[in-house]
Amino acid sequence: MTLTFTFDPVADPALAEGIAALWVDASNAGGAVGFASEITLDDVRPEVAKHFAAVAEGRSSLLVGRDAAGRVSAFAVIARNAHDLQAHWVWVYTVMVHPELQGRGAGRALMAAVEEAARSLDGIEAVRLGCRGGLGLEHFYAACGYKEVGRVPGAIRVAPDDDRDDITMLLPLR
């Protein structure tokens, strides 16, 4: 399935609902996208609102992938650093692909679109992201060109007696 990616789309209510629906589907399918248990739209809407507020303030940009029917099927947030000493790289947050598309190249397409979007920003030399250990996500990101540059053992508590590593990955753009 081919996705059409838009960097910095209009952040309107319809997009917010599309992102929220994707987030619920991705999380409830076991995705490591900020929640550890079953969630609803009401759980996710405040998080989407926080991302939209960051966009309105110029701190972040959205990257949205839509399928042929126009449904939001992939999503990532690209956040700029406020501190001058870190203005040459961006963070990528809340990376997700609809569960129906996993294993079909949509994740790699999303990460290629993230790289393209980051390269379009003036002065950006690298992309940094964090991922949850225990799911093999670091191997996926490595296959997309990212390098593991840090790991904090047990920093993410998914459930009692289920701690995961917080892994930092970096994609140099130069």
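**Backbone geometry, salt bridges and the largest pocket**

Asp8 is placed in the loop between strand 1 (4-7) and helix 1. In this predicted model, Asp8 adopts a positive phi of about 60° although it is not a glycine. With a relative accessible area of 42%, Asp8 is partly exposed, since the class lies between the limits of 20% and 50%. A positive phi in a residue other than glycine is also found at Asp161, where the angle is near 65°. Asp161 belongs to the loop between strand 6 (147-159) and strand 7. Its relative accessibility is 83%, so Asp161 counts as exposed.

Salt bridges were examined next. A search of the whole structure identifies 13 salt bridges. Within helix 2, the side chains of Lys50 and Glu47 are paired in a salt bridge, with an N to O distance of 3.2 Å. These two residues, Lys50 and Glu47, are 3 residues apart in helix 2, about one turn of the helix. Lys50 is exposed, having a relative accessible area of 53%, whereas Glu47, at 26% relative accessibility, counts as partly exposed.

Helix 3 contains a salt bridge between Arg119 and Glu115. The closest N and O atoms of Arg119 and Glu115 are 2.9 Å apart, and the two residues are separated by 4 residues, about one turn of the helix. Both partners are classed as partly exposed, Arg119 at 45% relative accessibility and Glu115 at 23%.

A further salt bridge links Glu148 with Arg151, with 2.9 Å between the closest N and O atoms. Glu148 has a relative accessible area of 39% and is partly exposed; Arg151 likewise counts as partly exposed, at 36% relative accessibility. Through salt bridges that share partners, Glu138, Glu148, Arg151 and Asp165 are joined into one network.

The surroundings of Asp43 were also characterised. Asp43 is located in helix 2 and, at 36% relative accessibility, counts as partly exposed. Its side chain reaches the backbone nitrogen of Thr40 at 2.8 Å. When residues up to four places away in sequence are left out, Asp43 touches Phe35 and Glu38. Gly18 lies 25 residues from Asp43 along the chain, and the C-alpha atoms of Asp43 and Gly18 are separated by 14 Å.

The largest pocket has a volume of about 1200 Å³. Its lining comprises 44 residues, of which Ala32, Val33, Thr94, Val95 and Tyr141 are the closest to the centre of the pocket. Elements that each supply at least two residues of this lining include four helices, namely helix 1 (13-28), helix 2 (41-56), helix 3 (106-119) and helix 4 (137-143). Strand 3 (72-80), strand 4 (89-97), strand 5 (126-132) and strand 7 (162-172) likewise each provide at least two lining residues. Strand 4 gives the most to the lining, with 7 residues. By residue class, the lining of the largest pocket divides into 23 nonpolar, 13 polar and 8 charged residues.

Terms used. Residues are numbered from 1 along each chain as its sequence is written. This is a predicted model: local features need pLDDT of at least 70, side-chain atom pairs count only at pLDDT 80 or more; totals for chains, interfaces and linings use all residues. Side-chain values use heavy atoms; hydrogens and water are left out. On a 1 Å grid over the protein atoms alone, a cavity is a set of points where a 1.4 Å probe fits but cannot get out, and a pocket is an open set with protein on both sides within 12 Å along at least five of seven lines; lining residues have an atom within 4 Å of a point. Grid points are joined across faces, edges and corners, and a volume is the space filled by probe spheres set on the points. Ala, Val, Leu, Ile, Met, Phe, Trp, Tyr, Cys and Pro count as nonpolar, Asp, Glu, Lys and Arg as charged, and the others, Gly among them, as polar. Buried means under 20% relative accessible area, exposed over 50%, partly exposed in between (1.4 Å probe, protein chains only). Contact means heavy atoms within 4.5 Å. A polar contact is a pair of N or O atoms within 3.5 Å; within protein, one must be able to donate a hydrogen and the other to accept it, and residues adjacent in sequence count only if both atoms are side-chain atoms. A salt bridge is a side-chain nitrogen of Lys or Arg within 4 Å of a carboxyl oxygen of Asp or Glu.
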